[in-house]
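Me: I should like to examine how certain descriptive terms are justified for the chain shown below. Please set each value against its criterion before concluding.

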Amino acid sequence: MTRPAFLAAFAVVAALGSAAMAQTRPYAPGAHNIELPADWQQRFIRYTTVDRPDRKIIRNMYVNPEAYAALRAGQPLPYGTLAIMADQRARVDAAGNVLLDGNGRLIPEPAFIAIAAQQKERGWGEGYGPELRNGEWEYARFSPANGTRVEGPLTACFTCHLQARAQQDFSFSTWDYANRSR
Ligand code: HEC
């Protein structure tokens with residue numbers, strides 16, 4: 001075989017192999033299912049920000065545009081929803097008290113200090129016990145510095161969203177946004 005023909009044959013085998021893997025690899029619960037898209041800051045829609053003076057942070061809530069367009073009041077959130085919560089530190093005075101802008105809102109420092117995500121896909125959630133399972137949602141955390149996944153326990157994510165929001169498709173602000181009269 002000539003070298004280019006060999007390379008082409010190899011490429012076909014590699015492509016078939018990965019396609020077969022993608023088809024046969026079963027869903028397994030866990031944060032690894034969620035990918036942070038490289039272009040999320042350009043593409044995603046920031047539908048609200050939440051001031052948390054108690055924690056001296058501002059939470060920016062983003063959702064992918066496909067899900068944003070499909071949000072409907074009273075309906076479960078659409079499959080394919082990827083909600084991203086990116087926190088910023090609030091500016092404080094010398095005494096450590098939060099400062100407010102002219103509208104009474106917290107003033108964000110530029111950088112993100114934490115990134116949390118929740119994503120819903122058909123068939124996800126299988127394998128979590130009833131004390132944890134959030135329908136078809138998965139949760140993940142990402143490094144604000146480089147977007148890589150932050151390993152660590154996510155039990156609290158599941159239990160808090162389950163206990164507070166089981167009737168709202170396990171969502172806080174995305175659900176509230178979809179159900180707010182506009
Ligand atoms: C103690 C309760 C609690 C825990 C634990 C928790 N959340 Fe949340 N989450 C909230 C609340 C409340 C909001 C709405 C924003 C706010 O008020 O701070 C929220 C909002 C979100 C949002 C934005 C979309 C939405 O539903 O509003 C994402 C994404 C999210 N949380 C992911 C996570 C992840 C990932 C974890 C675990 C690392 C986690 N949460 C842990 C209570 C919790």
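Me: Where is glutamine 41 placed, and why is glutamine 41 called partly exposed?
Reply: In this predicted model, glutamine 41 belongs to helix α2, residues 40–43. Its relative accessible area is 47%. Buried requires under 20% and exposed over 50%; the value of 47% lies in between, so glutamine 41 is partly exposed.

Me: How far is glutamine 41 from asparagine 64, in sequence and in space?
Reply: The two are 23 residues apart in sequence, and their C-alpha atoms are 10.0 Å apart.

Me: What makes threonine 174 buried?
Reply: Threonine 174 has a relative accessible area of 3%. The limit for buried is under 20%, and 3% satisfies it, so threonine 174 is buried. This residue is found in helix α5, residues 173–179. Leaving aside neighbours within four places in sequence, threonine 174 is in contact with Tyr47, Val63, Leu71, Leu77 and Ala83.

Me: How do you know that His161 is a donor of the iron atom of the ligand?
Reply: The NE2 atom of His161 is at 2.2 Å from the iron atom. A donor nitrogen must be within 2.8 Å of such a metal; 2.2 Å meets that cut-off, and therefore His161 counts as a donor. His161 is the only protein donor of this iron atom. Water is not among the atoms, so the site may look incomplete.

Me: Which helix holds histidine 161, and what makes one side of α4 the buried side?
Reply: Histidine 161 is found in helix α4, residues 155–165. In α4, Phe158, His161, Leu162 and Arg165 are buried. They cover an arc of only 110 degrees around the axis, which puts them on the same side of α4. On the other side of α4, Ala156 and Gln163 are exposed. The buried residues of α4 pack against β4 (108–120), β5 (137–142) and α5.

Me: Which residues come nearest to the ligand, and why do the atom pairs of arginine 59, histidine 161 and serine 173 with the ligand count as polar contacts?
Reply: Of the 21 residues around the ligand, Arg52, Cys157, Cys160, His161 and Ser173 come nearest. A polar side-chain atom of arginine 59 lies 2.9 Å from a ligand oxygen, and one of histidine 161 lies 3.0 Å from a ligand nitrogen. For serine 173, a polar backbone atom is 2.5 Å from an oxygen of the ligand. The cut-off for a pair of N or O atoms is within 3.5 Å. The value of 2.9 Å for arginine 59 satisfies it, so that pair is a polar contact. The 3.0 Å of histidine 161 satisfies it too, so that pair also counts. The 2.5 Å of serine 173 likewise falls within 3.5 Å, and therefore that pair counts.

Me: What makes β4 a paired strand, on the side of β3 and on the side of β5?
Reply: Pairing requires at least two bridges. Strand β3, residues 82–90, and β4 have eight bridges, so they pair, in the antiparallel sense. Six bridges join β4 to β5, so these two pair as well, again antiparallel. Glutamine 88 has phenylalanine 112 in β4 as its bridge partner, while glutamine 119 has glutamate 138 in β5.

Me: What is the overall pattern of the chain?
Reply: The chain has five helices and five strands, in the order α-α-β-β-α-β-β-β-α-α. Of its 182 residues, 34% count as buried.

Conventions: Residues numbered from 1 in each chain as written. Predicted model: local features only at pLDDT ≥ 70, side-chain atom pairs only at ≥ 80, totals over all residues. Heavy atoms only, no water. Helix = DSSP H or I, 4+ residues; strand = E, 2+ residues; numbered from the N terminus. Buried < 20%, exposed > 50% of the residue type's maximum accessible area, 1.4 Å probe, protein only. Contact = heavy atoms within 4.5 Å. Donors = N, O, S within 2.8 Å, 3.2 Å for Na, K, Ca; no water. Arc of directions from axis to C-beta. Near = heavy atom within 4 Å. Polar contact = N/O pair within 3.5 Å; in protein donor to acceptor, adjacent residues only side chain to side chain.
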